[in-house]
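Here are some exercises to work through with a new structure. Keep the viewer open, try each task yourself, then read the solution.

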Amino acid sequence: MDAVLSKVSRIPTYEVISPSSVAKKFGLHPSQILKMDANENLVFPLEFQKKILYEIIREEDLRYYPTDQLNNLHESLSQFLRVSKDNVIVGNGSDQLILAIGLIFLERETNIITLNPSFFTYKLSAFLNEAKVKVVNLSSKDFSLNLHDVFNVLDEKSRIFFICSPNNPTGNQFNQKLILDIAEEFEGIIVVDEAYVDFAEGSLVKEAVDQDNIIVLRSFSKSAGMAGFRLGYAVSCEENISALKKAFPPYHVNTLSLRAGLKIIQNYRIVKKVVEEVKRNRENLASELKEIGGIRVFDSKTNFILFRTNINSEEIYNSLLKKGIMVRIFRGNSLLRNCVRVTVGTEEMNKRFVESLKEILPWT
Ligand SMILES: Cc1ncc(COP(=O)(O)O)c(C=O)c1O
């Protein structure tokens, strides 16, 4: 038993705080809680989501496992992305694909490269496969990435370089040429996590198909507002995709999510409209934060904003929580000292957030 537990002992537990527990703790009604901590998309129209869900429930027979539904979504994604069906695979959230990539490409004594700060699940993928984690720190000034720092840590045991672009939690997008330069030199796989790319410009989908060492990950949770459905996909060359397929049992994504993904692609104009609105709200929120003064707002190409004040972020976090506003802070990471990450919401949500923040900051 000890041997089993030693494998998991170095894996930190990812704590998720539920809105209902916040409401209960501070004596608030659940409807008063603003969930701005997980980059969900509250701008996406709920009525539209319900409409497609009702349609799916009418059309589907859930006594069967999903078979055609999986094929249909792969087909539809391949047309949407202009790639072959053999270049895509869906997962139960892009999180599941990150773990699947680890299962296929990692083993004991190998290592992954990840950026600091960046998304946690890449490390989890390494820990679960007993691989080592090598970290490249981003610039403390503007979170940019220095190519030499990457080449300095790569070694013959490096199997995967995870690069999140635009990056969570810093919000900046890395230069595509820089990523391709790394891909050219690196013998392993480059995983380009494009969970937020719809809020930015450019994508490496085409390169992922043409080159044999790039996997692009995408999520339906952010621009398409489908976090609760848990749906994501990976794009790569045929060989990598058929290898990845081996990491999943059959029927790994449920019928409702597969069908919802299909409907979203058929109605992508709605996603595009929502993305434009989120981008407008993001710029307005950033300007309002800048106007407050005493706040450094980092440029964002995502649906969240990272900012830094000169007071303890723990204090900001707790004071906002008391008011029912959930945001994200990063304990123990010196590059993110006193930083707060807030999801861009509807105009109304953002207004309440800014007003609450002003009430908290001592200089306003
Ligand atoms: C960079 C990044 N990648 C992947 C994910 C996971 O997305 P999904 O909901 O598709 O599992 C997230 C979620 O926050 C993320 O920020």
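**Exercise 1.** What percentage of the 364 residues in the chain do buried residues make up?

*Solution.* Start with the ground rules. This is a predicted model, where local features need pLDDT of at least 70 and side-chain atom pairs count only at pLDDT 80 or more, while totals for chains, interfaces and linings use all residues. Residues are numbered from 1 along each chain as its sequence is written. Next, the term: buried means that 20 or more other C-beta atoms lie within 10 Å of a residue's own, exposed means 12 or fewer, and partly exposed is in between, with C-beta atoms placed from the backbone. By that count, buried residues make up 42% of the chain.

**Exercise 2.** How many helices and strands are there in the chain? Then check how compact the chain is.

*Solution.* Count DSSP runs, numbered from the N terminus: helices are H or I with at least four residues, strands are E with at least two. You get 14 helices and 13 strands. The radius of gyration is 21 Å, close to the 21 Å that the globule rule gives for 364 residues, so the chain is as compact as a globular protein of that length. (That radius is taken over C-alpha atoms, and the rule is 2.2 Å times the number of residues to the power 0.38.) Along its principal axes, the C-alpha trace spans about 55 × 55 × 45 Å.

**Exercise 3.** Follow the chain from strand E3 to strand E4 and describe the pairing.

*Solution.* First, strands count as paired if DSSP finds at least two bridges between them. E3 (residues 111-116) and E4 (residues 132-137) run parallel and are joined by six bridges. The route from E3 to E4 goes through helix H6 (residues 121-128), a right-handed β-α-β crossover. Right-handed here means that, with the strands pointing away from the viewer, the path from the first strand over the helix to the second runs clockwise. Now look at Asn116: opposite it in E4 stands Asn137. Asn116 is also joined to Pro117 by a cis peptide bond, with omega about 0°. Pro117 itself is in the loop between E3 and H6.

**Exercise 4.** Which strands stand at the edges of the open sheet with the order E9-E10-E13-E12?

*Solution.* The sheet has four strands, and the pairing is antiparallel. E9 (295-297) and E12 (328-329) each have a single partner strand, so one side of each is left without a neighbour in the sheet. Zoom in on E9: three bridges pair E9 with E10 (residues 304-309). There, Val297 has Phe307 in E10 as its bridge partner.

**Exercise 5.** Is Ala224 buried or exposed?

*Solution.* Find Ala224 in the loop between strand E7 (214-219) and strand E8 (232-235). Ala224 has 25 other C-beta atoms within 10 Å, so it is buried. Leaving out residues up to four places away in sequence, Ala224 touches Ile264 and Val271; a contact needs C-beta atoms, placed from the backbone, within 7 Å. In the same loop between E7 and E8 you'll find Arg230, which is partly exposed, with 18 other C-beta atoms within 10 Å. Phi of Arg230 is near 60°, a positive value in a residue other than glycine.

Definitions and conventions
Two residues are in contact if their C-beta atoms, placed from the backbone, lie within 7 Å.
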